[in-house]
Amino acid sequence: MWKTTSMKEYYSVLGVYIVDAVPNSFAGSIRTGLGSTSLTSYGFIGDTNTGMYSPANHQLGFTVNGSRKILAEATKITFQNITAGVDIDGTLKTNNSVIVT
C-alpha cells in the first residue's frame, strides 16, 4: 500500500519512491542494507528479486529473477548461473591470457 506526502514521495513497506521528472543530485551517499538474491538492496518496484546487493564484505552481486548472475570482488568479476552463455558484441581485449572451458 502506498502513502503519499506533499513532497511527491511515495512510501511503502519496500521503502521510498520519489516521483520527479527532473533528475536530482546531492553531495551525500546512499546507504542501505546488504540485501539478498531474493530481496535486493537496489531493485525495482514489482520485481524485488532483480537488482543489486552485497553478498559479503567488499563484494557486489547482481541478480536476475533471484539468481546471482554477476559477482564483483576486489580482484575479479565472475559470471554465474548463466546457462545460455555470454554474448560479447564487440572486441574482447585482455592484458593476460583467456581460458575457455
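Which residues make a nonpolar surface patch of about 810 Å²? Keep that question in mind during the tour, which comes back to the patch at its last stop.

**Before you select anything**

What you have open is a predicted model, in which local features need pLDDT of at least 70 and side-chain atom pairs count only at pLDDT 80 or more, while totals for chains, interfaces and linings use all residues. Residues are numbered from 1 along each chain as its sequence is written, and side-chain values use heavy atoms, with hydrogens and water left out.

**The whole chain**

Begin with the full chain in a cartoon view, where you can follow eight strands and zero helices; from the N terminus on, the elements run β-β-β-β-β-β-β-β. Helices (H or I, at least four residues) and strands (E, at least two) are DSSP runs, numbered from the N terminus.

Next, colour the chain by pLDDT, the predictor's confidence in each residue, from 0 to 100. The mean for the chain is 80, and 81% of its residues reach 70 or more. Confidence is lowest in strand β1 (residues 3-4), with a mean of 48, and highest in β6, with 95.

Now switch on the surface, of which the chain exposes about 8600 Å², with carbon and sulfur atoms supplying 56% of it. Accessible areas come from the Shrake-Rupley method with a 1.4 Å probe, and for residues only the protein chains shown count as cover. Of the 101 residues of the chain, 13% count as buried, where buried means under 20% relative accessible area, exposed over 50%, and partly exposed in between (1.4 Å probe, protein chains only).

**Stop one: Ser 41**

Select Ser 41, which you will find in the loop between β3 (15-18) and β4 (42-44). Ser 41 counts as buried because its relative accessible area is 19%. Show its side chain and look for polar contacts (pairs of N or O atoms within 3.5 Å; within protein, one must be able to donate a hydrogen and the other to accept it, and residues adjacent in sequence count only if both atoms are side-chain atoms). The side chain reaches the backbone oxygen of Leu 34 at 2.8 Å, and a polar atom of the Ser 41 side chain lies 3.1 Å from the backbone nitrogen of Gly 35. If you leave aside neighbours within four places in sequence, Ser 41 is in contact (heavy atoms within 4.5 Å) with Thr 32, Gly 33, Leu 34, Gly 35, Met 52 and Tyr 53.

**Stop two: Ser 54 and His 58**

Move on to Ser 54, in the loop between β5 (47-53) and β6 (60-64). Is Ser 54 buried or exposed? With a relative accessible area of 18%, Ser 54 is buried. A polar atom of its side chain lies 3.1 Å from the backbone oxygen of Ala 56 and 3.0 Å from the backbone oxygen of Gln 59. Beyond its neighbours within four places in sequence, Ser 54 is in contact with Leu 34 and Gln 59. A C-alpha to C-alpha distance to try is the one from Ser 54 to Thr 40, which are 14 residues apart in sequence and 8.5 Å apart in space.

The loop between β5 and β6 also holds His 58, which is exposed, with a relative accessible area of 66%. Most residues other than glycine have a negative phi, but phi of His 58 is near 65 degrees, a positive value.

**Stop three: Asn 65 and Ser 67**

Continue to Asn 65, in the loop between β6 and β7 (67-72), where phi is near 55 degrees, again a positive value in a residue other than glycine. Asn 65 is exposed, with a relative accessible area of 62%.

Then select Ser 67 in strand β7, which, leaving aside its neighbours within four places in sequence, is in contact with Phe 62 and Asn 81. The C-alpha atoms of Ser 67 and Asn 81 are separated by 7.0 Å, although the two residues are 14 apart along the chain.

**Last stop: the patch**

Finally, select Ile 77, Phe 79, Ile 82, Val 86, Ile 88, Leu 92, Val 98 and Val 100 together, and you have the nonpolar surface patch from the opening question. Patches are made of residues with over 30% relative accessible area and no salt bridge, with like charges joined within 9 Å and nonpolar side chains (Val, Leu, Ile, Met, Phe, Trp, Tyr) within 5 Å; a salt bridge is a side-chain nitrogen of Lys or Arg within 4 Å of a carboxyl oxygen of Asp or Glu. One of the patch residues, Ile 82, sits in the segment after β8 (77-79) and is partly exposed, with a relative accessible area of 34%.
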